[in-house]
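Please take the sequence and the three-dimensional model below as the starting point for a guided reading. The paragraphs that follow move from a loop residue to the strands, and then to the rings and the enclosed space.

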Amino acid sequence: QVQLVESGGGLVQAGGSLRVSCAPSGRTFFRTAMGWFRQAPGKERELVASIRWSGGNTFYADTEKGRFTISRDNAKNTVYLQMNSLGPENKAFYYCAAPRNYYSGHNYYTGGNDYAYWGQGTQVTFSS
């Protein structure tokens, strides 16, 4: 059974940073693109960032360019999302996602339908 397990979310102050991690189990994804999505209360799920299997090609939502960094360590079968300069607009559940295929080529994936496996989510909230 494939599972994607996120960790690293939590309470943060405005302007602070968090790094969330995604550790798949049940199979490896070192030759596929991976993605991070988020869903805020009352809003639809949206793509935050995606990364090619080799890590050399990345995509970011316009609102997060320059503040968020997606990376991966294929030796550890882990994907990360470093989030800096966080604000209340970033309050959401953050989800790791992986495609069903075993090789993504030179692509990252930007559509929710491109992904078949989803984690349970890790929450980012703000302290007043």
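In which loop does Ser85 lie? In this predicted model, Ser85 belongs to the loop between β8 and β9, and its phi is near 50°, a positive value in a residue other than glycine. Most residues other than glycine have a negative phi. With a relative accessible area of 44%, Ser85 counts as partly exposed, because the class of partly exposed residues lies between the limits of 20% and 50%.

A second residue with a positive phi is Asn77, which is not a glycine either and has a phi of about 55°. Asn77 sits in the loop between β7 and β8, and its relative accessible area of 15% places it among the buried residues, since buried means under 20%.

The two strands that flank the loop of Asn77, β7 and β8, also take part in an open sheet of four strands, whose order is β1-β3-β8-β7 and whose pairing is antiparallel. Its edge strands are β1 (3-7) and β7, each of which pairs on one side only, and from one strand to the next the twist averages 20°. Reading across this sheet, one finds that β1 and β3 pair in the antiparallel sense over five bridges, with Cys22 in β3 as the bridge partner of Glu6. Strand β3 (residues 18-25) is in turn paired with β8, again in the antiparallel sense and over five bridges; here the bridge partner of Arg19 is Gln82 in β8, while Val20 stands opposite Leu81 in β8. In a regular strand the side chains alternate between the two faces of the sheet.

Strand β8 also contains Met83, and this residue is buried, with a relative accessible area of 0%. The C-alpha atoms of Met83 and Thr69 are separated by 6.6 Å, although the two residues are 14 residues apart along the chain. For Tyr60, which is found in strand β6 (residues 58-60), the corresponding calculation was made to Thr78: these residues are 18 residues apart along the chain, and their C-alpha atoms are separated by 18 Å. Tyr60 nevertheless counts as buried, because its relative accessibility is 15%.

Further pairings involve β11. How many residues of strand β11 (residues 122-126) are buried? Four of the five are, so this strand is largely enclosed by the rest of the structure. Strand β2 (residues 10-12) pairs with β11 in the parallel sense over three bridges, whereas β9 and β11 pair in the antiparallel sense, also over three bridges. Val124 in β11 figures in both pairings, since Gly10 stands opposite Val124 and Ala92 likewise stands opposite Val124.

The aromatic residues offer another way through the model. A pair of aromatic rings is described by the distance of the centres and the angle of the planes. A search of the whole structure finds eight aromatic pairs, one of which is formed by Phe37 and Tyr115 and is edge-to-face, with 5.3 Å centre to centre and 85° between the planes. This pair links distant parts of the chain, for Phe37 is in strand β4 (residues 34-39) and Tyr115 is in the loop between β9 (92-98) and β10 (117-118), 78 residues apart. Both Phe37 and Tyr115 are buried, and ring pairs link them with Tyr109 and Trp118 into a cluster.

There remains the question of enclosed space. Rolling a probe the size of a water molecule over the atoms shows where empty space is left. Over the whole structure, the search finds one cavity of 30 Å³ or more, and about 30 Å³ of space lies in the largest cavity. The lining of the largest cavity consists of Pro24, Phe29, Phe30, Met34, Arg72, Asp73, Asn74, Asn77, Thr78 and Val79, which divide into five nonpolar, three polar and two charged residues. Here the account returns to elements already met: β7 (68-73) and β8 (78-83) each supply at least two residues of this lining, and Asn77, the buried loop residue with a positive phi, is one of the lining residues as well.

Methods: Residues numbered from 1 in each chain as written. Predicted model: local features only at pLDDT ≥ 70, side-chain atom pairs only at ≥ 80, totals over all residues. Heavy atoms only, no water. 1 Å grid on protein atoms, 1.4 Å probe; cavity = no way out; pocket = protein on both sides within 12 Å on 5 of 7 lines; lining within 4 Å. Points joined across faces, edges and corners; volume = space filled by probe spheres on them. Nonpolar A, V, L, I, M, F, W, Y, C, P; charged D, E, K, R; others polar. Pairing = 2+ DSSP bridges. Axes fitted to C-alpha atoms, helices over the stretch in contact; angles between N-to-C directions. Phe/Tyr/Trp six-rings, centres within 6.5 Å; stacked < 30°, edge-to-face > 60°. Buried < 20%, exposed > 50% of the residue type's maximum accessible area, 1.4 Å probe, protein only.
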